[in-house]
Amino acid sequence: MTYKELEVDELTEIDSVSSFIRAVKDLKESANGKSTELYFRGQDAEFWDIEPSVFRNNMLSVEHRLMQIPLQKIPSEFKEYHTTFDIMTKYQHYGMCTRLLDLTTNPLVALYFACKCHGDEPYISDEGEESHEPYGVIYFTQNYYPSLPTDLEVQIISALANYDLSKENTVTDVFARLKRDGIIDEEVKKKWLQKDGFSEFVNIIQKNYMVTPTYTNERLRKQSGIFLLASLFTVSSGTDIAQSVISKSRDNLRREFEKDYFFVRGENKKEILRELDLYNINEATLFPELEHQLNYIKYVNSENVQAVSNFEKYEVYLKTDKDNIPYISSDGNLNSYIISNLSNILDGVAEADEIDELKDIIRKNFAVDWYKRETIISKMKMSILGYYFVKSKDKNSSKNKATQITELLKNAVLEYMPTNAESGE
C-alpha cells in the first residue's frame, strides 16, 4: 500500500524533547479552564487508525472466547484479580486482543512511542513516489474524567465483552445475565426495561471510558498507564425494548481525541530517542521485563560497534629468500622512513587529507621487530579497516582499502631493509 504524505500545515511539529515540553506546557496553559487531566497516545505511524487490538482483523467476533478460555485453562494466573476489567488489563499486558487502548498521563512516554522505528513505507507526493520512515504522532484528549474498575459503567462494558452476543443478545437476555453476575439488581433491571430508563442503559454502553487501572504490574506504573475502554455496542431500535438486540461493533476512535495533534518527522526519531534517554525514558525504564532490559543493552552498545575482521586460519610464518633480511629495530630509521615517505608510498591510494590519520594509526602500531612483522601488520590492517569503515560505512571497500595500504607498507619495508642493511643501518 502506498500512503499519502501527511499534511502538516495545521499541526505542531516536534523536533526535540525541549520543543515538545514547551508545546505541552502551552497546551496546559490554554486548557480553557478544563479541570480534567491530559491523556496522550503515541503511535509510530501516522496512517494507523486509533483502535483497540480486538477491533482489528475481525477479532471482535471471538472476543468472548478470548476473554473466557484463559480463565478456564490457567485460572491460577487470575485468582488475585477481583474485576473483569482487571483481568482484561492482564490480558493486555501479555499481548491478548482486548478492547483497551493504551494511553499515558506522561507526555514523554507518548513521545517515546511516537519515535519508535517503524521501518520505511512507500509514500506518494507531488514529486512522485519514495519510501521513508513514517511520521510519528502524539494524540491527546482532555475530555474525560477518569473512572475506576469498580464503577458500574466499567463493570457493564467489561461484562458485555465477556458475553457471546451472537446468541443471548436481546435486552432481556443481557439484563438477566447482568443480574445473575451481580452487576445490577432487580430494581435497576426493571427501571431499564422502561422507556425512560432504557435510554440510560443505552447511553452507558455507547460511551467510552477512561479507566485508571489497578497497578498490578510494574510496566503500568513506569509508563503512567491509563486505558481508554471502548464500548460502542449497537442497539437495534424497535417498539419492544425487551426484544431489542445488542451487538458488538467497532469504530475508529480518532474522534475521541483533539483534532490537532503533534507529529515527528521520521528522520528526527532517532535523535529524539537519544534525548529521551537523558530523561531516563527508554526501553529499559518503560519495560521492566528481562527481554526489554537486554534489548536496551543491545541497542545502546550497537552505537559503539567497530569493524571486526573475518576469520583467517593461522599459518606458520616461513622465511623466504625475499624475507632473509637482518633484524632492524623500530627505534632505528625504518619507522622514520615510513612516516616521512608515507605520501609517496600511498600515492594514488590514500587521499591527502587521510595521510595524517594513517600516520597516527601506523605510529600506534609500530613493530618492535619488522623482521617478525606478520602479527603487527595484521593489527595495523584492522585499525586501517576500522578507520575507513567509520568514514564510508562500507565494509567491503574498507577491507579492500586496508589490504591495499598494508601491502604497500610491506613492500616499502622490504625495499628499505636490504638497502640499509648493506650500509650498516
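Two residues are in contact when they have heavy atoms within 4.5 Å of each other. Take the contacts in the protein chain with a separation of 6 or more: 73% of them link residues 24 or more positions apart. Keep in mind that this is a predicted model.

**The chain as a whole**

The protein chain has 425 residues, and 45% of them count as buried. DSSP runs give 17 helices and 12 strands. As for the accessible surface, the total is about 23,800 Å², with carbon and sulfur atoms holding 48% of it.

**Two helices that meet**

Helix α3 covers residues 84–93 and helix α5 covers residues 152–162; their axes come within 8 Å and cross at roughly 60°. That angle makes α3 oblique to α5. So which residues of α3 meet α5? On the α3 side they are Thr84, Phe85 and Met88, and on the α5 side Val154, Ser158 and Ala161. Sorted by class, this contact has 4 nonpolar residues and 2 polar ones, with no charged residues.

**A hairpin**

Next up is a pair of strands. β5 (residues 121–125) and β6 (residues 128–132) run antiparallel and pair over 5 bridges. One of the places to look is proline 122, whose bridge partner in β6 is serine 131. How many residues sit between the strands of this hairpin? There are 2 residues between β5 and β6.

**Two loop residues with positive phi**

Most residues other than glycine have a negative phi. Here are two that go the other way:

| Residue | Phi | Loop between |
|---|---|---|
| Asparagine 57 | near 55° | β3 (39–43) and α2 (63–73) |
| Serine 224 | near 50° | α9 (218–222) and β9 (225–229) |

Is asparagine 57 buried or exposed? The cut-off for exposed is over 50% relative accessible area. Asparagine 57 has 72% relative accessibility, so this residue counts as exposed. It's worth finding in the structure: asparagine 57 is in the loop that joins β3 to α2, and its phi is positive even though the residue isn't glycine.

Serine 224 is the other one, also a residue other than glycine with a positive phi. To find serine 224, look in the loop between α9, which ends at residue 222, and β9, which starts at residue 225.

Terms used
Residues are numbered from 1 along each chain as its sequence is written. This is a predicted model: local features need pLDDT of at least 70, side-chain atom pairs count only at pLDDT 80 or more; totals for chains, interfaces and linings use all residues. Side-chain values use heavy atoms; hydrogens and water are left out. Axes are lines fitted to C-alpha atoms, for helices over the stretch in contact, and angles run from 0 to 180 degrees between N-to-C directions. Helices (H or I, at least four residues) and strands (E, at least two) are DSSP runs, numbered from the N terminus. Angles under 35 degrees count as roughly parallel, over 145 as roughly antiparallel, 65 to 115 as roughly perpendicular and the rest as oblique. Ala, Val, Leu, Ile, Met, Phe, Trp, Tyr, Cys and Pro count as nonpolar, Asp, Glu, Lys and Arg as charged, and the others, Gly among them, as polar. Buried means under 20% relative accessible area, exposed over 50%, partly exposed in between (1.4 Å probe, protein chains only). Accessible areas come from the Shrake-Rupley method with a 1.4 Å probe; for residues, only the protein chains shown count as cover. Two strands pair if DSSP finds at least two bridges between them.
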